[in-house]
Amino acid sequence: MALESLHDLYVEELRDLYNAENQLLKALPKMARAASDPTLRAAFEEHLEVTRGQVDRLDRIFKRLGERATGKKCAAMEGLIEEGKEMMEEDAPPAVLDAALISAAQKVEHYEIASYGCVRTYARLHGYDDAAELLQETLDEEGEADKKLTELAESVINVEAEEEGEEEPAPRRKKAAAGRR
Ligand SMILES: [Fe+2]
């Protein structure tokens, strides 16, 4: 699609977000299953519900615009999820894995916060007040989710991870002697 106006960009970015949220709907149950800490698991499950509501809001915005919601793949979300998946496949103690899950989830939140902030501003510039309000609601929810993840990281999880790491320090590998002088 050619981007000939700010309006085109607005629709394109909304489609990107629509795809990003749908990718996240598939990833969040897996993240919840991978979490060991019950509070973290509950936070992922709760965010799954919140994300469904966010997709509904986008649906309403597209309906009002008379545009279709699909047709764009969010490469950024795909990459963020892929990186999170790689972390989950690492051989790590549960607390370290939880910390890695929080880090992956916060990267997702920050991407969404940036994207929703932009489309909210575009909606305002076009005078789409209803859409701007809906997008602001989602932006606030993403901000809340991010704050909650920081709280989780600051409470039990990372400290436990550090303690477990200290029990078995990784052996320091000796540097191979240089072959040439
Ligand atoms: Fe979201």
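In the predicted model, E67 is partly exposed, with a relative accessibility of 31%. This residue is placed in the loop between α2 and α3. Although 56 residues separate E67 from V11 in sequence, their C-alpha atoms lie 7.9 Å apart in space. E67 also takes part in a network of salt bridges that links it with E12 and R15.

Within that network, the side chains of E12 and R15 meet in a salt bridge with an N to O distance of 3.9 Å. Both residues belong to helix α1, which spans residues 6-34, and because they are three residues apart there, about one helical turn separates them. E12 has a relative accessibility of 16% and therefore counts as buried, the limit for that class being under 20%. R15 is likewise assigned as buried, its relative accessible area being 5%. The network thus joins E12, R15 and E67, of which E67 is partly exposed.

The fold that carries these contacts consists of five helices and zero strands. Read from the N terminus, the order of elements is α-α-α-α-α. Of the 181 residues in the chain, 38% are buried.

The packing of α1 against α2 was examined next. The axes of these two helices are 9 Å apart and enclose an angle of about 155°. Because angles over 145 degrees count as roughly antiparallel, α1 is placed in that class relative to α2. The crossing of the two helices is left-handed. Sorted by class, the residues in the contact of α1 with α2 comprise 18 nonpolar, five polar and six charged ones.

An iron ion is bound by donors from the protein. The donor atoms are contributed by E21 (OE, listed twice), Q54 (OE1), E112 (OE) and E142 (OE), at distances of 1.9 to 2.7 Å from the iron ion. Along the sequence, the spacing of the donor residues follows the pattern E-x32-Q-x57-E-x29-E. Two of the donors, Q54 and E112, link distant parts of the chain: Q54 is located in helix α2 (residues 38-65) and E112 in helix α4 (residues 94-126), with their positions 58 residues apart in the numbering. Q54 has a relative accessibility of 0% and is accordingly classed as buried. For E112, the relative accessible area is also 0%, and this residue is buried as well.

Salt bridges number ten in the structure. In addition to the pair formed by E12 and R15, two of them connect helix α2 with helix α5. In one, E46 is paired with K148, and the closest N and O atoms are 2.8 Å apart. This pair brings together distant parts of the chain, as E46 lies in helix α2 and K148 in helix α5 (residues 129-167), 102 residues apart. Both partners fall in the partly exposed class: E46 has a relative accessibility of 42%, and K148 has one of 35%.

In the other, R57 forms a salt bridge with E141, again with the closest N and O atoms 2.8 Å apart. R57 is found in helix α2 and E141 in helix α5, so that distant parts of the chain, 84 residues apart, are linked by this pair. The two partners of this bridge are assigned to separate accessibility classes. R57 counts as buried, at 11% relative accessibility, whereas E141 is partly exposed, with a relative accessible area of 25%.

Helix α5 also contains A132. At a relative accessibility of 7%, A132 is counted among the buried residues. The C-alpha atom of A132 is separated by 9.7 Å from that of Y116, which is 16 residues away along the chain.

Terms used:
Residues are numbered from 1 along each chain as its sequence is written. This is a predicted model: local features need pLDDT of at least 70, side-chain atom pairs count only at pLDDT 80 or more; totals for chains, interfaces and linings use all residues. Side-chain values use heavy atoms; hydrogens and water are left out. Donors are N, O and S atoms within 2.8 Å of the metal (3.2 Å for Na, K and Ca); water is not among the atoms, so sites may look incomplete. Helices (H or I, at least four residues) and strands (E, at least two) are DSSP runs, numbered from the N terminus. Buried means under 20% relative accessible area, exposed over 50%, partly exposed in between (1.4 Å probe, protein chains only). A salt bridge is a side-chain nitrogen of Lys or Arg within 4 Å of a carboxyl oxygen of Asp or Glu. Axes are lines fitted to C-alpha atoms, for helices over the stretch in contact, and angles run from 0 to 180 degrees between N-to-C directions. Angles under 35 degrees count as roughly parallel, over 145 as roughly antiparallel, 65 to 115 as roughly perpendicular and the rest as oblique. A crossing is left-handed if the near helix is turned anticlockwise from the far one by less than a right angle, and right-handed if clockwise. Ala, Val, Leu, Ile, Met, Phe, Trp, Tyr, Cys and Pro count as nonpolar, Asp, Glu, Lys and Arg as charged, and the others, Gly among them, as polar.
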